[in-house]
Amino acid sequence: MTTFHPVSDRVCFPEEEEKTLQYWQQIDAFKTSYQQSVDEGRPVYRFYDGPPFATGLPHYGHILAGTIKDVVTRYAHQSGYCVERRFGWDCHGLPVEHEIDKKLNVKSKEDVLAMGIGVYNEECRSIVMRYSKEWQQVIERMGRWIDFENDYKTLDISFMESVWWAFKQLFEKKLVYRAFKVMPYSTVLCTPLANFEVNQNYKDISDPSIIVAFPYVDESACDFLAWTTTPWTLPSNLALCVNPHSTYLRVKNKKTDREWVLMEARLPWVCKELKLDMDTDINIEDKFPGKVLEGIRYKPMFEYFNKGVWKEKGFRVITGDFVEETGGTGVVHCAPAFGEDDYKACVAFNIIDKESGALPCPVDANGRFTDEVPDYQGQNVKDADKDIRRDMKATGRLLLNANEVHSYPHCWRSDTPLIYRAVPCWFISVEKVKHDILKNMERTYWVPSFVKEKRFYNWVKDSNDWCVSRNRFWGTPIPLWHSDDWKEIVCIGSVAELEEKTGKKITDIHRHFIDDLKIPSSRPGMPDLKRIEEVFDCWFESGSMPYGQVHYPFENADKFREGFPADFIAEGLDQTRGWFYTLMVLSSALFDEPAFKNLICNGLVLAADGKKMSKRLKNYPDPMSVVNNHGADAIRLYLINSPVVRAEPLRFKEEGVRDVVKDIFLPWFNAYRFLLQEVGRYENNGGKFQADPALVEASDNVMDRWIYAATQHLIQYVDQEMKAYRLYTVAPKLVDFLEQLTNWYVRLNRDRMRGLSGADETITSLCTLYEVLMIITRLMAPFTPFLTEYLYQNLARALPEGHPDRCASVHWVSLPKANEKRIDAHIETRVARMQTVIELGRQVREKRKVSLKTPVKEVRVIHADPSYIADIDYLQSYIKDELNTMELTLSTDASAIHLSAQANSQILGPKFGKEFGPIRKAVCELTHEQLQAFEETGEIAVCGHTLKRDELFLKRSAKDIVTNPNLEADGDNSVLVVVDFTSDDSLQTMALAREVANRVQKMRKKAGLSQDDPVDMWATPADLTKAPNIQKVLTKEREYLHRCLRRQIFDGEQRQGHEVIIYQEDVTVNGEDLRVEFTLSGIRFNEQELRRLAQSIKVESSDGPAKANGVAATAVNGVDGDGTDGLVTAMKGCLLSYEVEELKQLASSNNGSVTFNIEGAGQCVLIRDKHWSA
């Protein structure tokens, strides 16, 4: 019985992954591994998983982030940590309500109140886990290990209570306040949005671009000109604002005889838009600073709010620095309910009272005009723009009626344009803790670092106070109860506290359970306090997940403190202004600590055309379809080994996933299968394979030493880079190592493993390949969990029972530790140089279109450094074989080399911009002598600039190529390889031998033969008179032919007639016909020796059958005079009466001979390799 289970030569990775999933379920792999780490008392590695919504299906962005999280947490577990991995669900907020609004045709807040908040919220509750099973199926199919049974949900009362606790801490720290504030507002969702939500969805749209006239009250012939893109805000106008420091003009329009006031810097734009000539149509009457205009009164555009306090205080010119010289007319119309700058400016000039909150806001929660503006009542504000412009045109106050395309914020959920609207909101005073956030940010480590240092830092530095209230229904209610006069506000921090204050038993704290609860006022005789209507922004909930998931501080207080901050989190770039931000705000405000220590931020996964993935456009393949086609591991490695893990965008292409299978997994699998085949061959020949690291370490074979040193270096590198969370360096290194293993080590050592270099070399090379495969399988386990499990289950059979690395799953095995004593930089350099020379030699052959099957006369390697040449000399046998050259000549004579250079456009282009063109041309014109000096000094002056080593590419060529057409060369920055393609008869014969070998190998494949099939091969010219070159190959180059085939091929003329032919084919090679036959491996007779033996034996007549060791043989009946022919025939018959393996075994047990008792001849001793062979 062989050590390893045999495997098919074909593998379907998706099918094997399904089998692995079943196996994991059978052994409860994930839970068992976690429990083992708990039982072993391992140190805790804390991971926070950001909660997604389960109202939609997972997409590639989720798969990417989940893969990153899985790789890191698997690696941490296999590095000796106890890693709890709990899944979480975001259950509240607009995404859920939006689905119910569509289902129930809810159009407004009134619709919800009509049906009842309880009915609405329970509808929401019913769908929050709509796709949870699909999520679990996708995540588990992708190989991610995470706990769904012990998940957390933001709708659980335990989670919501922790959110209350966090909010009360902020309230007691005076970090919570209520204010009217102009906020980005979704008219579809009927709620304000936080600034970081607004920044997630800007779109280019066409909006009105109008200039309107506001006449002076005292001068009917003079107008202020104001520009706006929001005509719907004009009915609410209360002021005009100018920049006090800018210069303004009073000009006369000669065509209309009216005077205008506008900013001097904007006059050219206004004239252009109104199609006026500044020289002939405009006369400048006066020039003055904007400050002069302050206080001048003007006539309102509409009369809706020209009454009461606003008539008294409003409709006058105010000043503000926010008015810019780069757009509009320099006169800004202010509607304080619909613009943040407008609001601040009107407060500053006492036009509106901040405390009372009273201001003209004739727009309801659904974005429709109220009865305060009866002419447009019930219209959506954006729809009303058309009618408003029509009415202003009728009054002669609309001077420009155009449109412009500009970038405008849209609701990130409903994808509709936002408006800005003053609403009463609850805020967290982020500006008070901004310093602490920035300080704590410095204690965190981000990959890539620029996301933290630039994007996140700038966002925090410029951040405003955080609006945490939403005028919605399905969410965690803000736990504030207030008096009618707002002089008494109570913040509740727990369920127990609410029960105590209200005297009611609380089982759920959603709105429909607590909205009606009253809290007695602390002021005698005053009405009870009522809860505010708002619920929390769901970002406040997700930012509270470190506390909510463990019900801190009500439970698990020690567990929380031990695991806070988290060791690791990961999400996409869009969370810079989302989850990352809210985590840091709350942790800084609550504990003055960061919420996490290490963070990986991934980029966006786009469709193949670079556009955002869209279900509507169907511009990307279904993830599960790709999994079924290529496997989850292929997707994982495709994503991890891409720029997306450096926070750069990735254009997802299914062919990229397919290439992972073709270029990485299949060569890896084939190396594994090759090991199994050769171990099977070794054990079938009487050996016994067992893993033996000591044998590997003791090997003096250069390729063994190289691959083992590279393996130990890889272990060290992966450990170093994974500790730094640089997946973008680890994955490429692992992939490159697999290429080194499969394309170099296995290929260059096939003959050793097949036993062609002796038994000792066979077992040493097999043990080396096994050791390296086992190590790379363990290192790759976090990245490709399925394939590594598949390989490990068989590889582990070579480990003795009780070995620490022999477990039920590869994911239970600790990662290997580097044996630093075996790291050998010199041997790695040697082999790298050898590979460079071989690759350059191949490139030279490609230039000449000369196949590697064609031998060449000479390969010359030139390098000025003697150590480089010594390294090549040390490995020259491999180079000669790989480049199929008769001679390898090495030289340090640099005089044979000509140097040229090219500019590194990737570095120099951005560095010099428009100057790069002349620099590139000058670099190409540098002389050989100049470049020689550059090589020595590492810098060179070009066009007045000093260029460094990495800014130029040096190119080497051979000087004598010009005079010898048979020479071709190629080189890199250091070495030159010259190939001599001069041909002669011997080279042509060897080339023909290679071609014959190639045809024979193809026939073996066509015949369905495997490496170990017991087959003999025979070749002969189909017609000896017409195939002289074939005949020459089969006679003079037979040994070379054997080396090419790695097995013997016999002369077909020497077939003895008893062979069983299983395949025969005639082929034409270079115009000559060749016949190839495959026969079952059998006995070959040495006719001459058998006849000599027969002649030495006196033959007696016999009528009975001959017996050979008890087996019937051919009778000796004396065909010829002395009976020699009959005896030879009898001997052959005796030998053929045995199976080949049986005969070989019999000879082995009898000192290489078999003895037959042949009646009439007596005892005949037939010696193996003398009288017969097999």
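**Charges, overall form and strand E34 in a predicted model**

The protein in this predicted model carries 147 positive and 171 negative side chains, and the centres of these two sets lie 2 Å apart.

User: What is the radius of gyration of the protein, and why does it count as more spread out than a compact globule?
Analyst: The protein holds 42 helices and 45 strands. For its 1174 residues the globule rule gives 32 Å, and the protein is well over that, so it is more spread out than a compact globule. Along its principal axes the C-alpha trace spans about 150 × 80 × 50 Å, and the radius of gyration is 43 Å.

User: Is strand E34 largely enclosed or exposed, and how many of its residues are buried?
Analyst: A residue counts as buried when its relative accessible area is under 20%, and 55% of the 1174 residues in the protein meet that description. In E34, Leu-967, Ala-969 and Gly-971 point one way while Glu-968 and Asp-970 point the other way, and all are buried. Strand E34 is therefore largely enclosed by the rest of the structure, the number of buried residues being 5 of the 5.

User: Which residue of E35 stands opposite Ala-969?
Analyst: Strand E34, residues 967-971, is joined by 5 bridges to strand E35, residues 976-980, and the two run antiparallel. With 4 residues between them, E34 and E35 form a hairpin. Across this pairing, the residue of E35 that stands opposite Ala-969 is Val-978.

Terms used:
Residues numbered from 1 in each chain as written. Predicted model: local features only at pLDDT ≥ 70, side-chain atom pairs only at ≥ 80, totals over all residues. Heavy atoms only, no water. Buried < 20%, exposed > 50% of the residue type's maximum accessible area, 1.4 Å probe, protein only. Pairing = 2+ DSSP bridges. Rg over C-alpha atoms; globule rule 2.2 N^0.38 Å. Lys, Arg positive; Asp, Glu negative; His and termini not counted. Charge placed at Lys NZ, Arg CZ, Asp CG, Glu CD.
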